[in-house]
Amino acid sequence: MSENAYLAEGTRTAIRPFTPADAEEFTVRAKESHGMHHPWLFPPDDARAYAAYAGRLTEDATKAGFLVCERAVDDGNGTASGPIAGFININNIVGGAFHCGALGYGAFAHAAGRGLMSEGLDLVMRYAFGPLGLHRLEANIQPANAGSIALVRRAGFRLEGFSPDFLFIDGAWRDHEQWAITAEMVRQDPPREADTMAPGSGPAWTTTAPPGAQIPEPPEVCG
């Protein structure tokens with residue numbers, strides 16, 4: 001995957017759209033990460049499921065899918081490559097007076113605990129509040145999913161409420177906490193040299209939350 005396919009880049013990670021060519025790596029990573037993901041989310045782990053999943057994210061105007069990848073490196077053959085660390089999707093995008101989307105996301109096991117998803121979420125927030133023109137991002141998370149809650153809290157999301165029996169996941173209706181962030185809750189800073197975006201893709205955004213440690217269309221909810 002060429003670097004120029006990236007939508008935004010950070011110090012260690014970059015985000016880009018899903019492609020058919022990612023099927024093998026994505027599904028292998030999903031199988032490796034099953035123990036970590038269950039019972040919170042169920043990303044596709046075979047080629048057919050991946051094709052349907054990625055197709056929805058690329059063809060449906062109410063969705064936007066992003067692969068969080070480690071920054072590309074020269075593999076010695078003159079091509080750039082970077083392993084997929086996880087994924088962050090924006091589902092249920094609504095315009096009009098709302099301009100909001102709902103996050104779904106997950107890290108893969110080999111990337112867990114390395115801070116890659118935190119940087120990836122920051123990049124997705126920039127893209128959402130810049131090129132996508134959104135005003136608000138929401139994340140609905142099961143209260144016991146401590147990893148997901150830590151990620152959005154670190155990114156500056158605020159806890160806005162609690163919804164009993166909110167989503168049907170893994171055979172039952174699950175309670176969820178509602179977390180959200182708006183464009184007004186982040187500040188615009190000049191881009192850093194090692195923190196660039198694709199040309200014309202908008203400003204750099206930095207969360208106002210202090211620095212500090214995992215993404216919903218059911219069943220891909222944060223948990």
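This passage describes the fold, the nonpolar cores and the aromatic pairs of a predicted model of one protein chain.

The protein chain contains 5 helices and 12 strands. Of its 223 residues, 50% count as buried, and the chain exposes about 10200 Å², of which carbon and sulfur atoms supply 55%.

An open sheet is formed by 8 strands, which follow the order β1-β2-β3-β6-β7-β8-β10-β9 with mixed pairing. The edges of this sheet are held by β1 (8-9) and β9 (158-169), and because each of these has a single partner strand, one side of each is left without a neighbour in the sheet. Strands of a sheet pair through backbone hydrogen bonds, and the pairing can be either parallel or antiparallel. Both senses are found around strand β7, which pairs with β6 (residues 84-94) in the antiparallel sense over 7 bridges and is joined to β8 (residues 136-141) in the parallel sense by 3 bridges. In the first of these pairings, alanine 107 of β7 is the bridge partner of glycine 86, while on the other side of the strand cysteine 100 stands opposite arginine 136 in β8. The path of the chain from β7 to β8 leads through helix α4 (residues 116-129), and this β-α-β crossover is right-handed. Strands β6 and β7, by contrast, form a hairpin with 5 residues between them, and in the turn glycine 96 has a positive phi of about 60°.

Strand β7 (residues 100-107) is mostly covered, since 8 of its 8 residues are buried. Both of its faces are covered, with Cys100, Ala102, Gly104 and Gly106 buried on one side and Gly101, Leu103, Tyr105 and Ala107 buried on the other. Ala107 is also among the residues touched by histidine 37, together with Pro43 and Phe108, when residues up to four places away in sequence are not counted. Histidine 37 belongs to helix α2 (residues 34-37) and counts as buried because its relative accessibility is 4%, which is under the limit of 20%. A contrasting case is found in the loop between β7 and α4, where glycine 113 is located; with a relative accessibility of 88%, glycine 113 counts as exposed. The C-alpha atom of glycine 113 is separated by 9.7 Å from that of glycine 147, although the two residues are 34 residues apart along the chain.

In soluble globular proteins, nonpolar side chains tend to be buried together. In this model the largest nonpolar core has 37 residues, of which Ile15, Ile90, Met125, Leu137 and Phe157 touch the most other members. At least two residues of this core come from each of β3 (64-70), β6, β7, α4, β8, α5 (146-154) and β10 (172-182), and α4 gives the most, with 9 residues. The surroundings of leucine 137 illustrate how distant parts of the sequence meet, as this residue touches Ile90, Gly101, Leu103, Met125, Ala128, Phe129, Phe157, Trp179, Ala180 and Ile181, not counting residues up to four places away in sequence. A second, separate core has 15 residues, including Ala30, Tyr50, Cys69 and Ile84.

The structure also holds 10 aromatic pairs. In one of them, the rings of phenylalanine 18 and tyrosine 53 have centres 5.9 Å apart and planes at 70°, an angle over 60 degrees, so the pair is edge-to-face. Phenylalanine 18 lies in the loop between β2 (13-16) and α1 (23-32), whereas tyrosine 53 lies in helix α3 (residues 47-59), and the pair therefore ties together parts that are 35 residues apart in sequence. Both partners are buried, with a relative accessible area of 5% for phenylalanine 18 and a relative accessibility of 9% for tyrosine 53. Phenylalanine 168 and tryptophan 173 form another edge-to-face pair, with ring centres 5.3 Å apart and planes at 65°. Here phenylalanine 168 counts as partly exposed, at 43% relative accessibility, and tryptophan 173 counts as exposed, at 53%. Finally, Phe18 and Tyr53 belong to one aromatic cluster that they form with Phe26, Tyr50, Phe87 and Phe108; of these residues, Tyr50 is also included in the second nonpolar core, and Phe108 is also touched by histidine 37.

Notes
Residues are numbered from 1 along each chain as its sequence is written. This is a predicted model: local features need pLDDT of at least 70, side-chain atom pairs count only at pLDDT 80 or more; totals for chains, interfaces and linings use all residues. Side-chain values use heavy atoms; hydrogens and water are left out. Helices (H or I, at least four residues) and strands (E, at least two) are DSSP runs, numbered from the N terminus. Buried means under 20% relative accessible area, exposed over 50%, partly exposed in between (1.4 Å probe, protein chains only). Accessible areas come from the Shrake-Rupley method with a 1.4 Å probe; for residues, only the protein chains shown count as cover. Contact means heavy atoms within 4.5 Å. Two strands pair if DSSP finds at least two bridges between them. A crossover is right-handed if, with the strands pointing away from the viewer, the path from the first strand over the helix to the second runs clockwise. A nonpolar core is a set of buried Ala, Val, Leu, Ile, Met, Phe, Trp, Tyr and Cys residues joined through side-chain atoms within 4.5 Å. Rings of Phe, Tyr and Trp (its six-membered ring) pair if their centres lie within 6.5 Å; planes under 30 degrees apart count as stacked, over 60 as edge-to-face and the rest as tilted.
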